[in-house]
Amino acid sequence: MGENEHILISLEARHAENIFAGRKRVELRWRTMNVSPGDTLWIYVKLPVGSIVGHATIGEVRASSPTALWRRYGPVSGLSRHEFFEYFGEVEQGFALVLEQSTRLQSSLSLEALRRVDGGFQPPQFFARLRSEHPLHEAVTSSV
């Protein structure tokens with residue numbers, strides 16, 4: 001892929017807080033995101049917060065059965081066993097993005113500020129790539 005990419009995801013506030021507190025060290029997904037180690041994962045916290053609050057570096061990307069993912073990452077998933085398996089449902093393969101170097105921004109980027117930069121901005125349902133030509137790329141990379 002060459003240069004590391006910038007990826008934006010939306011999370012509930014509790015998951016973001018757990019990432020920055022070190023209790024959640026993996027981001028779980030039930031379908032692949034096609035990301036690579038070294039990519040930056042920007043964290044948008046859903047409303048009522050409505051802001052990009054920080055970022056982490058993707059250290060590893062693992063694909064495995066939900067059972068194998070639970071055995072390996074359950075204690076650092078930020079989820080109860082019930083929540084974990086409810087999230088994965090009937091999928092045969094899940095994905096874990098192992099997070100490193102999580103950093104909370106000193107000044108978050110509010111939904112209003114994001115829409116001033118990119119008038120059509122909608123928080124991603126799954127994820128969004130912030131390529132260098134994307135209007136938000138400079139806004140997020142200059143916020144660190």
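**Exercise 1. Place strand E2 in the sheet and describe its two faces.**

Step 1. E2 and E5 run antiparallel and are joined by four bridges; helices (H or I, at least four residues) and strands (E, at least two) are DSSP runs, numbered from the N terminus. The model is predicted: local features need pLDDT of at least 70, side-chain atom pairs count only at pLDDT 80 or more, and totals for chains, interfaces and linings use all residues. Residues are numbered from 1 along each chain as its sequence is written, and side-chain values use heavy atoms, with hydrogens and water left out.

Step 2. Within this pairing, Val26 stands opposite Val98 of E5.

Step 3. In a regular strand, side chains alternate between the two faces of the sheet. In E2 (residues 26–29), Val26 and Leu28 lie on one side, Glu27 and Arg29 on the other, and all are buried (under 20% relative accessible area, exposed being over 50% and partly exposed in between; 1.4 Å probe, protein chains only).

**Exercise 2. Give the strand order and find the edges.**

Step 1. The six strands form an open sheet with mixed pairing, in the order E2-E5-E4-E3-E1-E6; two strands pair if DSSP finds at least two bridges between them.

Step 2. E2 and E6 (128–129) each pair on one side only, which makes them the edge strands.

Step 3. E1 and E3 are parallel, with six bridges, and Ile7 stands opposite Leu41 in E3.

**Exercise 3. Identify what helix H1 packs against.**

Step 1. In H1 (residues 13–21), the buried residues are His15, Ala16, Asn18, Ile19 and Phe20.

Step 2. These buried residues pack against E1, E3, E4 and E5, contact meaning heavy atoms within 4.5 Å.
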